[in-house]
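Here's a quick walk through the model, going domain by domain and ending at the ligand. Keep the structure open while you read.

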Amino acid sequence: MKIRENIAISTLTTMRLGGNARYVIDIESEEDVPAAYAFADEHELPFYVLGSGSNIIGRDKGFNGVILVNKIRGMGIESEEDNGRIELYSYSGELLDDFVRYSTRLGFSGIEALSAIPGTVGAAPVQNVGAYGQDISQTIVSVRAYDQLFEDFVEIPKIDMDLSYRHSIFNSGKDVGRYFITKVVVCLKRAELKPPFYNSLQKYIDDNGITEYSPETIRQAVRAVREGKLPDPAEIASSGSFFKNVYLDSEKDIQVATAKGIPVWDGGKIPSGWLVENAGLKGQSFHGMRVWDKAALVLVNENAHSYADLAAARGEIVDIVYEKFGYKLEQEPMELGEE
Ligand code: EPU
């Protein structure tokens with residue numbers, strides 16, 4: 001267990017903003033988890049669990065607490081069944097993309113559309129990561145986690161995670177911060193996905209004359225589509241989608257939106273990227289933050305100096321979209337640090 005002091009949150013997160021954290025502890029094994037909580041307890045400091053920092057934005061005042069950086073590695077086969085199904089596990093500090101690659105190389109389907117999503121395996125259930133028609137709720141079986149309330153390791157089955165669009169017990173409600181997820185188990189099958197695929201993926205498949213849909217082929221197609229649209233966090237500071245999509249739940253709201261010429265997809269989804277683009281904001285800069293030219297839902301940090309710059313940019317974008325279309329966009333990434 002390595003303990004570091006006074007570390008800038010900007011160096012731990014892909015948006016590259018935020019003041020100092022008092023302590024940062026690298027968690028390299030399950031045993032490190034209770035030890036790190038004990039350290040926070042002894043120092044009477046709050047704690048926060050971080051993976052690769054690709055969906056967390058640091059605030060300017062920093063965090064007078066302990067950040068636990070998840071680096072628990074390892075993956076493999078949990079159990080094999082006769083009917084073409086398999087359970088794979090990954091420890092939570094692995095990169096999700098590495099776990100996806102492992103699964104597709106074995107020829108199993110179920111998480112291939114999650115290829116090239118930045119972030120760790122442990123973060124996947126927290127916000128129910130999803131892309132191109134798949135999300136982790138479709139395949140996750142359970143997680144192993146350290147329950148800091150009862151100071152013991154527990155297994156949490158999917159049914160208890162309350163997974164829905166970008167939502168789980170780990171990011172909403174009374175149990176936020178209670179669990180440190182150490183291991184994730186998914187159930188996959190030896191099968192091919194069937195078309196039609198999510199629209200941008202289908203277009204790529206058609207344009208490239210792809211006719212076999214093995215997990216590895218779909219993985220490569222998803223990687224190509226993402227590379228063409230989304231900034232690589234290693235090169236350009238961002239947190240992926242900055243706003244959530246809007247979901248309408250009443251028929252009346254759907255009719256109102258449709259009458260205004262706003263696209264409403266299955267399940268009542270209004271693509272917020274459409275709202276931002278059609279408010280004329282694509283490629284525009286606000287306080288050093290820029291609406292990404294190729295995907296209007298993504299905000300990149302070009303030369304913002306602080307979280308305050310980001311907050312000002314967010315406020316202006318939200319207001320412009322609200323004035324034009326009447327929907328209040330909500331931020332997708334979480335935040336860390338004192339307000
Ligand atoms: N659109 C525009 N202009 C844009 C971008 C999008 O008009 O600049 C409209 C288009 O109609 C497009 C639709 O929005 O067809 C959907 O866009 P896209 O397929 O790019 O996906 P998204 O809804 O913007 C979501 C996830 C992404 C995920 C993609 C692909 C959220 C917040 N974002 O974005 O996840 O990769 O679908 O499945 O749900 C992330 O969460 O960080 C993330 C990148």
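Helices (H or I, at least four residues) and strands (E, at least two) are DSSP runs, numbered from the N terminus, and two strands pair if DSSP finds at least two bridges between them. With that in hand, look at strand 17 and strand 18: they form a hairpin, with six residues between them. Bear in mind that this is a predicted model.

**The hairpin and its neighbour**

Strand 17 covers residues 289-291 and pairs with strand 18 in the antiparallel sense, over three bridges. One pair to click on is Arg 290, whose bridge partner in strand 18 is Val 300. Strand 18 also pairs with strand 13, again antiparallel and over three bridges. Here Ala 237 has Asn 301 of strand 18 as its bridge partner.

Which way do the residues of strand 18 (residues 298-301) point? Val 298 and Val 300 go one way, while Leu 299 and Asn 301 go the other, and all are buried.

**Three domains**

Stepping back, the domain assignment splits the protein chain into domain 1 (2-70), domain 2 (75-229) and domain 3 (237-336). Between domain 1 and domain 2, the C-alpha centres are 25 Å apart. Their contact involves 12 residues from domain 1 and 14 residues from domain 2. On the domain 1 side, helix 1 and strand 5 each supply at least two residues, and helix 1 gives the largest share, three residues. That side of domain 1 is made up of five nonpolar, six polar and one charged residues.

**The sheet at the start of the chain**

Now for the sheet that includes strand 1. Four strands make up an open sheet in the order 1-2-5-3, with mixed pairing. Strand 1 and strand 3 (47-50) are the edge strands, each pairing on one side only. From one strand to the next, the twist averages 30°.

Strand 1 (residues 2-8) pairs with strand 2 (residues 20-27) in the antiparallel sense, and six bridges link them. Two spots let you check the register: Arg 4 is opposite Val 24 in strand 2, and Glu 5 is opposite Tyr 23 in strand 2. How many of the seven residues of strand 1 are buried? The count is zero, so strand 1 is hardly covered, given that a buried residue needs 20 or more other C-beta atoms within 10 Å of its own.

Helix 1 (residues 32-42) lies across strand 2, strand 3 and strand 5 (63-70), and runs at about 155° to strand 2.

**Backbone oddities**

Most residues other than glycine have a negative phi, and most peptide bonds are trans. Here are three spots worth a look on that score:

| Site | Backbone value | Where |
|---|---|---|
| Ala 116 | phi near 65° | loop between helix 2 and helix 3 (123-126) |
| Asn 128 | phi about 45° | loop between helix 3 and strand 8 (130-131) |
| Pro 195 and Pro 196 | cis peptide bond, omega about 5° | Pro 196: loop between strand 12 (179-189) and helix 4 |

Are the two residues with positive phi, Ala 116 and Asn 128, buried or exposed? Ala 116 is buried because 20 other C-beta atoms lie within 10 Å. Asn 128 is buried too, with 21 other C-beta atoms within 10 Å.

Arg 105 goes the other way. It lies in helix 2 (residues 96-105), and it is exposed because it has 11 other C-beta atoms within 10 Å. Arg 105 and Pro 215 are 110 residues apart in sequence, yet 8.0 Å apart in space, C-alpha to C-alpha.

**Around the ligand**

Where does the ligand lie with respect to domain 2 and domain 3? Both domain 2 (75-229) and domain 3 (237-336) give residues to the shell around the ligand, so the ligand lies between them.

Of the 19 residues around the ligand, the ones that come nearest are Gly 240, Ser 241, Pro 271, Gly 273 and Ala 296. Helix 4 (199-207), strand 13 (237-241) and helix 7 (272-278) are the elements that give two or more residues to this shell. Helix 7 provides the largest share, three residues. By class, the shell divides into nine nonpolar, six polar and four charged residues.

Note on methods
Residues are numbered from 1 along each chain as its sequence is written. This is a predicted model: local features need pLDDT of at least 70, side-chain atom pairs count only at pLDDT 80 or more; totals for chains, interfaces and linings use all residues. A residue is near a molecule or strand if its C-beta atom, placed from the backbone, lies within 6 Å of it. Ala, Val, Leu, Ile, Met, Phe, Trp, Tyr, Cys and Pro count as nonpolar, Asp, Glu, Lys and Arg as charged, and the others, Gly among them, as polar. Domain bounds come from an automatic or database domain assignment. A residue is buried if 20 or more other C-beta atoms lie within 10 Å of its own, exposed if 12 or fewer, and partly exposed in between; C-beta atoms are placed from the backbone. Axes are lines fitted to C-alpha atoms, for helices over the stretch in contact, and angles run from 0 to 180 degrees between N-to-C directions. Two residues are in contact if their C-beta atoms, placed from the backbone, lie within 7 Å.
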